[in-house]
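Subject: Structure for your attention

Dear colleague,

Please find below the structure that I am handing over to you. My notes on the ligands and the pockets follow it.

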Amino acid sequence: MPPASAPVPRHLAVIMDGNGRWAQRRRRPRVVGHRAGARAVNLTIDFCLRQGIEVLTLFAFSSENWGRPEEEVGALMKLFLNALEREVDELDRRGVRVRFIGERGRFAEAIAQRMAAAEAQTAGNARLQLNIAASYGGRQDIATAARALAREAAAGRLDPDSIDEAMVGAHVALAGLPAPDLFIRTGGDRRISNFLLWQLAYTELWFTETLWPDVDAGVLQQALDDYAGRERRFGLTSAQIAPVEASA
Ligand code: IPE
Ligand code: IPE
Ligand code: MG
């Protein structure tokens, strides 16, 4: 057990992977795994509320996932729409502020409208900020920021020489929020899969074989315990990070 004072991440980012394999192991269609994955989403939100985590960012659907078989994409869209209809009141009641990041224009009007409505309904909440990355890609996110800055420069409102990391950071998704402290990927693969490329620069990475629908509070706690034991140096030396301890 970590000491009681162990730091809890302010911002947790999760790649919820392994739904398809979870279903295939049960000889069921992949969509059954996506449905089962929705339960783990609720459980993870509960966990963050209990732990006092301020920001939770979930990767629900990547830019590349549009290339999956039409049947699977259609089923996922139905699930999104149902979840938006079913869950938002409860999230609102619990003080969760919901936001979506990604290319919203690619969704059907009914879904885009529900997303906007969920954001508007929960805009005043501050207990937990829940970001759902849907039709999101890290490269696309950075390209969108570059385009916005180029437009400003072309219009003569921005000196290109003044563009620095802070300015780019202010134009990518999740600007204004603390960067993710801890990244979790379930499902056993050890890759980023075009998630928050800019934002994960100094995030602690944690991987588990557990498939997303099987995730429970125990698995999430393991990740937090591991995180609590890490030393984040941000390019500095240990002595600089904890001068008192290092010289003792
Ligand atoms: C993650 O689970 C959910 C989405 C990408 C929408 P997968 O569907 O990728 O499940 P696996 O990786 O094939 O098992
Ligand atoms: C990443 O999972 C995207 C989401 C979980 C939404 P994928 O299953 O799409 O990633 P790859 O294809 O294994 O890299
Ligand atoms: Mg996958």
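**Ligand 2 and its surroundings**

Ligand 2 sits in the largest pocket. Please bear in mind throughout that this is a predicted model.

The residues that surround ligand 2 are Ile-15, Met-16, Asp-17, Phe-59, Ala-60, Phe-61, Asn-65, Arg-68, Arg-185, Arg-191 and Ser-193. By class, this shell comprises 5 nonpolar, 2 polar and 4 charged residues. Strand S2, which spans residues 55-62, provides the largest share of the shell, namely 3 residues.

Several side chains place a polar atom close to an oxygen atom of ligand 2. For Ser-193, the distance from a side-chain N or O atom to a ligand 2 oxygen is 2.6 Å. The corresponding distance for the side chain of Asn-65 is 2.9 Å, and a polar side-chain atom of Asp-17 is found 3.1 Å from an oxygen atom of ligand 2. On its own, ligand 2 would expose 390 Å², and 79% of that area is buried by the protein.

**Ligand 1 and its surroundings**

The largest pocket is also the space taken by ligand 1. The elements that contribute two or more residues to the shell around ligand 1 are H1, H2 and H3, and the largest share, 3 residues, comes from H1.

In total, 13 residues surround ligand 1, and the closest are Asp-17, Gly-20, Arg-21, Arg-30 and Arg-68. The shell divides into 3 nonpolar, 5 polar and 5 charged residues. Asp-17 and Arg-68 are named here among the closest residues to ligand 1, and both also belong to the surroundings of ligand 2.

Which part of Gly-20 comes within 2.9 Å of an oxygen atom of ligand 1, backbone or side chain? For Gly-20, the atom concerned is a backbone N or O atom. Asp-17, by comparison, uses a side-chain N or O atom, at 2.8 Å from an oxygen atom of ligand 1. Arg-21 likewise brings a polar side-chain atom to 2.7 Å from an oxygen atom of this ligand. Taken alone, ligand 1 has 380 Å² of accessible area, of which the protein covers 88%.

**The largest pocket**

The space in the largest pocket amounts to about 940 Å³. Its lining consists of 41 residues, and those nearest the centre of the pocket are Met-16, Phe-59, Ala-60, Phe-61 and Phe-80. Of these, Met-16, Phe-59, Ala-60 and Phe-61 also appear in the shell around ligand 2.

The lining draws at least two residues from each of the following elements: helix H1 (19-25), helix H2 (30-51), S2, helix H3 (70-93), strand S3 (96-101), helix H4 (109-122) and strand S4 (128-136). H3 gives the most, with 9 residues. By class, the lining of the largest pocket contains 24 nonpolar, 9 polar and 8 charged residues.

**The second largest pocket**

What is the volume of space in the second largest pocket? About 210 Å³ lies there. The second largest pocket is lined by 18 residues, and Leu-177, Ala-179, Pro-180, Trp-198 and Gln-199 lie nearest its centre. Its lining divides into 12 nonpolar, 5 polar and 1 charged residues.

Yours sincerely

Note on methods: Residues are numbered from 1 along each chain as its sequence is written. Chains are lettered from A and ligands numbered from 1 in the order in which they are written. This is a predicted model: local features need pLDDT of at least 70, side-chain atom pairs count only at pLDDT 80 or more; totals for chains, interfaces and linings use all residues. Side-chain values use heavy atoms; hydrogens and water are left out. A residue is near a molecule or strand if one of its heavy atoms lies within 4 Å of it. A polar contact is a pair of N or O atoms within 3.5 Å; within protein, one must be able to donate a hydrogen and the other to accept it, and residues adjacent in sequence count only if both atoms are side-chain atoms. Accessible areas come from the Shrake-Rupley method with a 1.4 Å probe; for residues, only the protein chains shown count as cover. On a 1 Å grid over the protein atoms alone, a cavity is a set of points where a 1.4 Å probe fits but cannot get out, and a pocket is an open set with protein on both sides within 12 Å along at least five of seven lines; lining residues have an atom within 4 Å of a point. A molecule sits in a cavity or pocket if more than half of its atoms lie within 2 Å of its grid points. Helices (H or I, at least four residues) and strands (E, at least two) are DSSP runs, numbered from the N terminus. Ala, Val, Leu, Ile, Met, Phe, Trp, Tyr, Cys and Pro count as nonpolar, Asp, Glu, Lys and Arg as charged, and the others, Gly among them, as polar. Grid points are joined across faces, edges and corners, and a volume is the space filled by probe spheres set on the points.
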